[in-house]
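Here's a quick tour of a small fold, strand by strand and then loop by loop. Have a look at the model first, then read on.

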Amino acid sequence: MYASAGDQLVVHGRTVGQHDRIAQIVEVLGANGAPPFRVRFEDGHEAIMSPGPDAVVRHTLRNPE
């Protein structure tokens, strides 16, 4: 799993009725885009995460300037 600052981390709910949590990746702490990531959730909570198999990265489109 690789990401850049500005991408989204989607953590899928593990049980029935549990919603997915979406966080913005604020900083990549690993080498070459690898975890851990500093993320900010929609409610403002920040955490450092090494995502497991229940998470995916949504890459943002970047302007190639």
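What follows goes from the overall layout to the strands, and then to a few residues in the loops.

## The big picture

This is a predicted model, so keep that in mind throughout. The protein chain has 5 strands and 0 helices, and read from the N terminus its elements simply go β-β-β-β-β.

How does the radius of gyration sit against the globule rule? The protein chain comes in at 12 Å, and a compact globule with 65 residues would be near 11 Å, so the two agree. The C-alpha atoms fill a box of roughly 45 × 20 × 20 Å along the principal axes.

Buried residues account for 26% of the 65 in the protein chain. The exposed surface is about 4600 Å², with carbon and sulfur atoms supplying 51% of it. Of the contacts with a separation of 6 or more, 41% link residues 24 or more positions apart.

## How the strands pair

Start at the N-terminal end: strand S1 (residues 8-11) runs antiparallel to S2, with 4 bridges between them. In that pairing, Val 11 faces Arg 21 of S2. Strand S2 (residues 21-28) is also antiparallel to S3, this time through 5 bridges. Two of the residues matched up here are Gln 24, opposite Arg 40 in S3, and Glu 27, whose bridge partner in S3 is Arg 38.

S3 then pairs with strand S4 (residues 46-49), again antiparallel, over 4 bridges. Val 39 stands opposite Ala 47 of S4 in this ladder. S3 and S4 make a hairpin with 4 residues between them, and in its turn Gly 44 has a positive phi of about 95°.

## The two faces of S3

Which residues of S3 lie on its covered face, and which on the uncovered one? Phe 37, Val 39 and Phe 41 make up the covered face, while Arg 38 and Arg 40 sit on the uncovered side. In a regular strand, side chains alternate between the two faces of the sheet.

Put that together with the pairing above. The uncovered Arg 38 and Arg 40 have Glu 27 and Gln 24 as their opposite numbers in S2. On the covered face, Val 39 is the residue across from Ala 47 in S4.

Phe 41 has something else going on: the charged end of Arg 21 sits over its ring, 3.9 Å from the centre. As for aromatic pairs, the count is 0.

## The loop between S2 and S3

This loop has some unusual backbone. Most residues other than glycine have a negative phi, and most peptide bonds are trans. Asn 32, in the loop between S2 and S3, has a positive phi of about 55° although it isn't a glycine. Then there's a cis peptide bond between Pro 35 and Pro 36, with omega about 10°; Pro 36 belongs to this S2-S3 loop too.

Buried or exposed: what about Asn 32? Its relative accessible area is 75%, so Asn 32 is exposed. Gly 33, also in the loop between S2 and S3, is at 13% relative accessibility and therefore counts as buried, since the cut-off is under 20%.

## Where the N-terminal end meets the loop

Gly 33 and Tyr 2 are 31 residues apart along the chain, but their C-alpha atoms are separated by 4.9 Å. Beyond its sequence neighbours, Gly 33 touches Met 1, Tyr 2, Ala 3 and Val 28.

Val 28, in strand S2, tells a related story. Its contacts away from sequence neighbours include Ala 3, Ser 4 and Ala 5, plus Gly 33 and Pro 36. Val 28 and Ser 4 are 24 residues apart in sequence, with 6.4 Å between their C-alpha atoms. With 22% relative accessibility, Val 28 counts as partly exposed.

## Asp 54, just ahead of S5

Asp 54 is in the loop between S4 and strand S5 (55-58). Why does Asp 54 count as buried? Its relative accessibility is 18%, and buried means under 20%. Leaving out residues up to four places away in sequence, Asp 54 touches Val 10, Val 11, His 12 and Arg 14. Of these, Val 11 is the residue that stands opposite Arg 21 in S2.

Key: Residues are numbered from 1 along each chain as its sequence is written. This is a predicted model: local features need pLDDT of at least 70, side-chain atom pairs count only at pLDDT 80 or more; totals for chains, interfaces and linings use all residues. Side-chain values use heavy atoms; hydrogens and water are left out. Buried means under 20% relative accessible area, exposed over 50%, partly exposed in between (1.4 Å probe, protein chains only). Two strands pair if DSSP finds at least two bridges between them. Rings of Phe, Tyr and Trp (its six-membered ring) pair if their centres lie within 6.5 Å; planes under 30 degrees apart count as stacked, over 60 as edge-to-face and the rest as tilted. A charge sits over a ring if NZ of Lys or CZ of Arg is within 6 Å of the ring centre and within 35 degrees of the ring normal. The radius of gyration is taken over C-alpha atoms; the globule rule is 2.2 Å times the number of residues to the power 0.38. Contact means heavy atoms within 4.5 Å. Accessible areas come from the Shrake-Rupley method with a 1.4 Å probe; for residues, only the protein chains shown count as cover.
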